[in-house]
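Thanks for coming. I have a few slides' worth of talk on one structure, and I will keep it plain.

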Amino acid sequence: SVVRSRRFALLAVTHSHHAWTRFAESNPKHAAIAHRVVELGTGAPLQGASPTPQDPPALLMLGRITVGEDYKGHREILGAWPAVLEAVPDAQLWIAGDGDLRPELQRLVLMNHLQSSVRLFGLVTESEKESLLSRCRAFALPSRGEGFGIVYLEAMRMGRPCLVSTLDAGSEVVADAGLAVDPSDTDELAKAMCRLLQPGEEWQGWSRAATRRYKTRFTEIHFRDRLRRLLEETMIQIDDA
């Protein structure tokens with residue numbers, strides 16, 4: 001958003017550096033204005049250790065499944081999934097969320113004979129979402145259009161490594177708590193999923209990084225503090241016009 005303040009004639013506020021870059025590219029006349037990044041945050045750290053993922057290992061995708069948001073990587077993940085099964089035969093892919101793209105994803109599952117390893121849950125409740133996050137081994141949303149991605153924070157809160165895209169803000173949010181790939185590269189996407197689904201020291205390192213990154217940067221309190229500092233710095237007074 002762009003607001004007026006007593007300190008700045010105009011100030012752009014975004015939730016990621018990626019979002020600011022996209023804004024500046026789309027609005028070159030505003031590229032030189034002052035801007036601030038205020039990263040989002042949600043929830044509070046878990047009490048105790050991160051839950052142990054289930055066996056066999058599951059990769060979770062979570063979010064709206066709509067034609068208008070057909071950039072989140074569902075097709076790409078399904079396209080690479082047969083290669084994952086060659087390396088991790090018992091792997092499961094969980095897709096939670098609903099929308100008008102779901103019938104097409106179901107068609108792809110049937111067409112590629114993936115019914116035994118892919119499950120579409122549809123719309124889930126908050127408690128069901130928490131359960132899926134606690135049981136999966138890794139979270140995947142290699143999107144091409146995330147300006148931030150709260151769902152990455154929810155996964156990291158559980159100590160879950162994330163598979164994100166190199167094309168949007170996902171890699172900025174997740175950093176060393178997972179892997180970032182170009183979702184159009186099927187081979188690299190499959191290799192990344194296989195790595196994230198395997199137990200061992202590499203996975204443990206990602207899990208620790210996820211928990212640490214969430215606790216030190218992305219809780220609801222962190223977001224409130226960042227927003228408060230912005231308001232104090234700028235003394236923002238939004239122009240109703």
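I will go through the strands, then the nonpolar core, then a few single residues and ring contacts.

Before anything else, please keep in mind that this is a predicted model.

Let me begin with strand β5, residues 92-96. Is this strand enclosed or open? Of its 5 residues, 4 are buried, so the rest of the structure largely encloses β5. Look at the strands that pair with it. Strand β4, residues 58-62, runs parallel to β5 and is joined to it by 5 bridges. If you want one pair to find on the screen, take L60, whose bridge partner in β5 is W94. Strand β6, residues 118-122, also pairs with β5 in the parallel sense, over 4 bridges. There, the pair to find is A96 with its bridge partner G122 in β6.

Now, how does the chain get from one of these strands to the next? From β4 the unit goes through helix α2, residues 74-87, to β5, and this β-α-β unit is right-handed. Then β5, helix α3 (residues 102-111) and β6 make a right-handed β-α-β unit as well.

The next group of strands is β7, β8 and β9. Strand β7 covers residues 138-140 and helix α5 covers residues 150-157. Together β7, α5 and β8 form a right-handed β-α-β unit. β7 and β8 are parallel, with 2 bridges between them. A140 is the residue opposite L163 in β8. On its other pairing, β8 runs parallel to strand β9, residues 178-181, and 4 bridges join them. S165 has V181 as its bridge partner in β9.

Which way do the side chains of β8 point? Within residues 162-165, C162 and V164 point one way, L163 and S165 point the other way, and all of them are buried.

That brings me to the core. In soluble globular proteins, nonpolar side chains tend to be buried together. Here, the largest nonpolar core has 60 residues. Which residues have the most contacts inside this core? They are W81, F139 and L163. Helix α7, residues 186-197, supplies the largest share of the core, 7 residues. To see what W81 touches, leave out residues up to four places away in sequence; its contacts then include L59, L93, V118, M193 and L197.

Next, M61, which lies in strand β4. Is M61 buried or exposed? Its relative accessible area is 0%, and buried means under 20%, so M61 is buried. Beyond residues up to four places away in sequence, M61 touches several residues of β5, including L93, W94, I95 and A96. F139 and A140 are also among its contacts, and so is H74. M61 and H74 are 13 residues apart along the chain, and their C-alpha atoms are separated by 7.9 Å.

P53 is a case from a loop, the one between β3 (34-37) and β4. With 12% relative accessibility, P53 still counts as buried. Its C-alpha atom is separated by 8.7 Å from that of L133, although the two residues are 80 apart along the chain. Leaving out residues up to four places away in sequence, P53 touches S134, R135, C136, R137, R160 and W203.

Two of those contacts, R137 and W203, deserve a second look. R137 lies over the face of W203, at 5.1 Å from the ring centre.

A short stop at S207, in helix α8. S207 is buried at a relative accessible area of 7%. Not counting residues up to four places away in sequence, S207 touches G159 and P161.

Last, the aromatic pairs. How many aromatic pairs does the structure hold? The structure holds 4. I will show F148 and F218. Their ring centres are 6.0 Å apart and their planes are at 75°, so the pair is edge-to-face. This pair links distant parts of the chain, since F148 and F218 are 70 residues apart. F148 sits in the loop between β7 and α5, and F218 in the loop between α8 (201-217) and α9 (220-234). Both residues are buried.

That is all I have. Thank you.

Definitions and conventions:
Residues are numbered from 1 along each chain as its sequence is written. Side-chain values use heavy atoms; hydrogens and water are left out. Rings of Phe, Tyr and Trp (its six-membered ring) pair if their centres lie within 6.5 Å; planes under 30 degrees apart count as stacked, over 60 as edge-to-face and the rest as tilted. Buried means under 20% relative accessible area, exposed over 50%, partly exposed in between (1.4 Å probe, protein chains only). A charge sits over a ring if NZ of Lys or CZ of Arg is within 6 Å of the ring centre and within 35 degrees of the ring normal. Contact means heavy atoms within 4.5 Å. Two strands pair if DSSP finds at least two bridges between them. A crossover is right-handed if, with the strands pointing away from the viewer, the path from the first strand over the helix to the second runs clockwise. A nonpolar core is a set of buried Ala, Val, Leu, Ile, Met, Phe, Trp, Tyr and Cys residues joined through side-chain atoms within 4.5 Å.
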